[in-house]
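Biologist: Could you take me through this model step by step, giving the reasoning before each value or name?

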Amino acid sequence: MKVRFNSMIKLLGVAAALAFANGAAAQSAGQLTAKIGVNQLTPKVESGDISAPALPGTKAAVGNDMQPVLIFAYGITDNISTEVALGTPYKHKIFGAGAIEGTGVLGTVEALPPTVFLQYRFFQPTAAFRPFIGIGATYAYFMKERGSARMTAITNPGSGVPTTFSIDNKFTYTAQVGIAMNFTEKWFADVTVNKTRLRTDVNFSTGQTQFMKLDPVAVVLAVGYKF
């Protein structure tokens, strides 16, 4: 992962230098753009307790993941655009936290958070650098939830029946900031940071529940082409 990030950062540095040299045109009204990159997704977790009979303070933490993304945008005007991203599911490990910190992996889950953004791009289309902000509608979809033997031991000790769980899907919103850097008339690169407000509930086969504040932050490094 570090190698991929370092390569993308070097590419963005080259893009910035070329942007100063060329001053190429940026996205404008009626223009379609496509970009490909990588997204580092980091949940900012505040976990509730698993309900009784689990021990008080039985919480959870969620690991990061990085996946490739393909992103399309369309210029409604010279300054207003829409954007949508496609990608593969993010794969997260769930760890014990709070009173059970250090117990290891409790389970795994895959997540897809498709988002449609409405963006405002600053400066004129001819600017070499164009900061932008956006607000998006997100649907957080969870799948392939799998519990481990540790999860069973914590939620249903002494039972030979493995504990399963599901995470509620949620509609929510995402805020976005970024900057695009153009290095030819057609090619560009950008850096985007997205923050999603995401609170959901975990439902265990034992009848127990757990509230989770996930609020993931996504950092996207991408290169793109203007059609």
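Biologist: Between which two strands does the loop that holds D215 lie?

Modeller: This is a predicted model, and in it phi of D215 is near 40 degrees, a positive value in a residue other than glycine. Most residues other than glycine have a negative phi. D215 belongs to no strand of its own in this description but to a loop, and the strands on either side of that loop are β14 and β15 (217-226).

Biologist: Is D215 buried or exposed?

Modeller: The cut-off for buried is a relative accessible area under 20%. D215 has a relative accessible area of 8%, so the residue counts as buried.

Biologist: Which other residue that is not glycine has a positive phi, with a value near 50 degrees, and how accessible is K144?

Modeller: The residue is K144, whose phi is near 50 degrees, and K144 is found in strand β9 (residues 129-147). Partly exposed residues fall between the 20% limit for buried and the 50% limit for exposed. K144 therefore counts as partly exposed, its relative accessibility being 46%.

Biologist: Where does the chain contain a cis peptide bond?

Modeller: Most peptide bonds are trans. P53 lies in the loop between β2 and β3 (58-62). The bond that leads into P53 has omega near 15 degrees, and the cis peptide bond is thus the one from A52 to P53.

Biologist: In what order do the strands of the open four-stranded sheet follow one another?

Modeller: Three antiparallel bridges join strand β10 (residues 165-167) to β13, with S166 opposite N203. β13 pairs in turn with strand β14 (residues 209-213) over five bridges, again in the antiparallel sense, and β14 pairs with β2 over two. Read from the β2 end, the order is β2-β14-β13-β10.

Biologist: Which strands stand at the edges of that sheet, and why is one side of each left without a neighbour?

Modeller: The order of the open sheet is β2-β14-β13-β10. Because each edge strand has a single partner strand, one side of each is left without a neighbour in the sheet, and these edge strands are β2 (46-47) and β10.

Biologist: Which residue of β14 stands opposite T200?

Modeller: β13 and β14 form a hairpin with four residues between them, and G207 in the turn has a positive phi of about 95 degrees. S47 has its bridge partner in β14 as well, namely M212. The residue opposite T200 is likewise M212.

Biologist: Which side chains of β13 point to the buried face?

Modeller: In a regular strand the side chains alternate between the two faces of the sheet. Along β13 (residues 199-204), R199, D201 and N203 point to one face and are not buried. The buried side chains, which point to the other face, are those of T200, V202 and F204.

Biologist: How many residues lie between the strands in the hairpin of β6 and β7?

Modeller: β6 and β7 pair in the antiparallel sense over six bridges, and F95 has V105 of β7 as its bridge partner. Within the hairpin G102 takes a positive phi near 95 degrees, and the number of residues between the strands is six.

Biologist: Is E101, in the loop between β6 and β7, buried or exposed?

Modeller: E101 is in the loop between β6 (90-98) and β7 (105-112), and its C-alpha atom is separated by 8.0 Å from that of K59, 42 residues apart along the chain. Exposed requires a relative accessible area over 50%. E101 has 64%, so the residue is exposed.

Biologist: Which residue of β9 stands opposite A111?

Modeller: Five bridges join β7 to β9, and the two strands run antiparallel. In this pairing the residue of β9 opposite A111 is F142.

Biologist: Which residues lie closest to the centre of the largest pocket?

Modeller: The largest pocket encloses about 690 Å³ of space. Among the 48 residues that line the largest pocket, those closest to its centre are L41, Y90, A111, P113 and P216.

Biologist: How does the lining of the largest pocket divide by residue type?

Modeller: The lining contains two charged residues and 14 polar ones. The nonpolar residues of the lining number 32.

Conventions. Residues are numbered from 1 along each chain as its sequence is written. This is a predicted model: local features need pLDDT of at least 70, side-chain atom pairs count only at pLDDT 80 or more; totals for chains, interfaces and linings use all residues. Side-chain values use heavy atoms; hydrogens and water are left out. Buried means under 20% relative accessible area, exposed over 50%, partly exposed in between (1.4 Å probe, protein chains only). Two strands pair if DSSP finds at least two bridges between them. On a 1 Å grid over the protein atoms alone, a cavity is a set of points where a 1.4 Å probe fits but cannot get out, and a pocket is an open set with protein on both sides within 12 Å along at least five of seven lines; lining residues have an atom within 4 Å of a point. Grid points are joined across faces, edges and corners, and a volume is the space filled by probe spheres set on the points. Ala, Val, Leu, Ile, Met, Phe, Trp, Tyr, Cys and Pro count as nonpolar, Asp, Glu, Lys and Arg as charged, and the others, Gly among them, as polar.
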